[in-house]
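Here's a quick walk through this fold, helix by helix and then residue by residue. Keep the structure open while you read.

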Amino acid sequence: MYVHFEMREEISNWWKQAEKDLSAAKNSLISGDYEWASFQSNQAAKKGLKALYLKEKKEIFPTHNLILLAKKLKLPLEIINLLKELNPDYTMSRYPDAANAPPFENYNDKKAKEKITFAEEVLKWIRKRLEK
């Protein structure tokens with residue numbers, strides 16, 4: 001998983017952390033921490049987007065909104081749609097007042113697996129664009 005291609009160090013750091021967050025999501029899935037698997041999937045996608053933004057725009061765009069980042073990068077609709085599924089997990093997976101219940105009660109194995117799959121697809125797409 002951690003095969004790296006040539007890029008500036010700061011971009012590489014964001015990319016490596018995106019991969020590590022995806023790995024952590026898979027570990028959280030195994031341990032049954034489904035809300036954390038979902039949050040870590042969100043984080044993996046965000047850090048991948050930040051790596052791409054840094055490469056293409058030469059700066060970091062300060063936001064937690066995955067959809068906004070994707071639109072600024074002019075990502076295709078199929079990737080934006082995946083990000084729409086991951087975007088709420090920044091808050092919903094962590095805060096009882098955002099989730100109207102303890103977040104762990106709103107997440108399950110199926111939902112966490114789906115979020116990981118979405119993050120994997122997003123990172124796969126970003127990687128191809130980073131390699132150009």
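Leu77 and Glu78 are exposed on one side of H4. Turn to the other side of this helix, which is a predicted model like the rest of the structure. Within H4, which covers residues 77–86, you'll find Ile79, Ile80, Leu82, Leu83 and Leu86 buried. Those buried residues take up an arc of only 160° around the axis, so they sit on the same side of H4. What do the buried residues of H4 pack against? Their partners are H2, H3, helix H5 (89–92) and helix H7 (109–131).

Now zoom out for a moment. The protein has 7 helices and 0 strands, and from the N terminus on its elements read α-α-α-α-α-α-α. Its C-alpha atoms fill a box of roughly 40 × 25 × 25 Å along the principal axes. For 132 residues, a compact globule would have a radius of gyration near 14 Å, and the protein has 14 Å, which agrees. Of the 132 residues, 47% count as buried. Take the contacts with a separation of 6 or more: 58% of them are between residues 24 or more positions apart. The protein exposes about 7100 Å², and carbon and sulfur atoms supply 52% of that.

Two helices, H1 and H7, can be set side by side.

| Helix | Residues | End-to-end C-alpha distance | Expected at 1.5 Å a residue |
|---|---|---|---|
| H1 | 23 residues | 32 Å | 33 Å |
| H7 | 23 residues | 33 Å | 33 Å |

For H7, then, the span agrees with what its 23 residues should give, and the reach of H1 is close to the expected value.

H1 covers residues 9–31. Its buried residues are Ile11, Ser12, Trp15, Ala18, Glu19, Asp21, Leu22, Ser23, Ala25, Ser28 and Leu29. They pack against H2 and H7. After H1 comes Gly32, which has a positive phi, near 85°.

At the other end of the chain, the start of H7 has a side-chain oxygen of Asn108 reaching to within 3.1 Å of the backbone nitrogen of Lys110. Further along, the buried residues of H7 are Ala112, Lys115, Ile116, Phe118, Ala119, Val122, Leu123, Ile126, Arg129 and Leu130. They pack against H1, H2, H4 and H5.

H2 turns up in the packing of H1, H4 and H7, and three of its residues deserve a look.

Start with Asn42, which lies in helix H2. Is Asn42 buried or exposed? Its relative accessible area is 0%, so Asn42 counts as buried. The side chain of Asn42 makes a polar contact with the side chain of Gln43, at 3.0 Å. Setting aside neighbours within four places in sequence, Asn42 is in contact with Leu66, Leu86, Asn87, Asp89 and Tyr90. Leu86, for its part, is among the buried residues of H4.

Next is Lys47, also found in helix H2. You may want to check this lysine on screen: Lys47 has 16% relative accessibility, and the cut-off for buried is under 20%, so Lys47 counts as buried. Apart from neighbours within four places in sequence, Lys47 is in contact with Trp14, Gln17, Ala18 and Asp21. Of these, Ala18 and Asp21 appear among the buried residues of H1.

Then there's Tyr53, again in helix H2. Tyr53 is buried, with a relative accessible area of 6%. Not counting residues up to four places away in sequence, Tyr53 touches Lys58, Glu59, Ile60, Phe61, Leu69, Lys72 and Leu73. Pro102 is another matter: Tyr53 and Pro102 are 49 residues apart in sequence, with 33 Å between their C-alpha atoms.

Last stop: the loop between helix H2 (34–57) and helix H3 (66–72), where you'll find Asn65. Asn65 is partly exposed, at 31% relative accessible area. Which backbone nitrogens does the side chain of Asn65 reach? A polar atom of the Asn65 side chain lies 2.9 Å from the backbone nitrogen of Ile67, and the side chain also reaches the backbone nitrogen of Leu68 at 2.9 Å. Looking back to H2, the C-alpha atoms of Asn65 and Asn42 are separated by 10.0 Å, with their positions 23 residues apart along the chain.

Terms used: Residues are numbered from 1 along each chain as its sequence is written. This is a predicted model: local features need pLDDT of at least 70, side-chain atom pairs count only at pLDDT 80 or more; totals for chains, interfaces and linings use all residues. Side-chain values use heavy atoms; hydrogens and water are left out. Helices (H or I, at least four residues) and strands (E, at least two) are DSSP runs, numbered from the N terminus. Buried means under 20% relative accessible area, exposed over 50%, partly exposed in between (1.4 Å probe, protein chains only). A polar contact is a pair of N or O atoms within 3.5 Å; within protein, one must be able to donate a hydrogen and the other to accept it, and residues adjacent in sequence count only if both atoms are side-chain atoms. The arc is that of the directions from the helix axis to the C-beta atoms. Contact means heavy atoms within 4.5 Å. The expected span of a helix is 1.5 Å times one less than its number of residues. The radius of gyration is taken over C-alpha atoms; the globule rule is 2.2 Å times the number of residues to the power 0.38. Accessible areas come from the Shrake-Rupley method with a 1.4 Å probe; for residues, only the protein chains shown count as cover.
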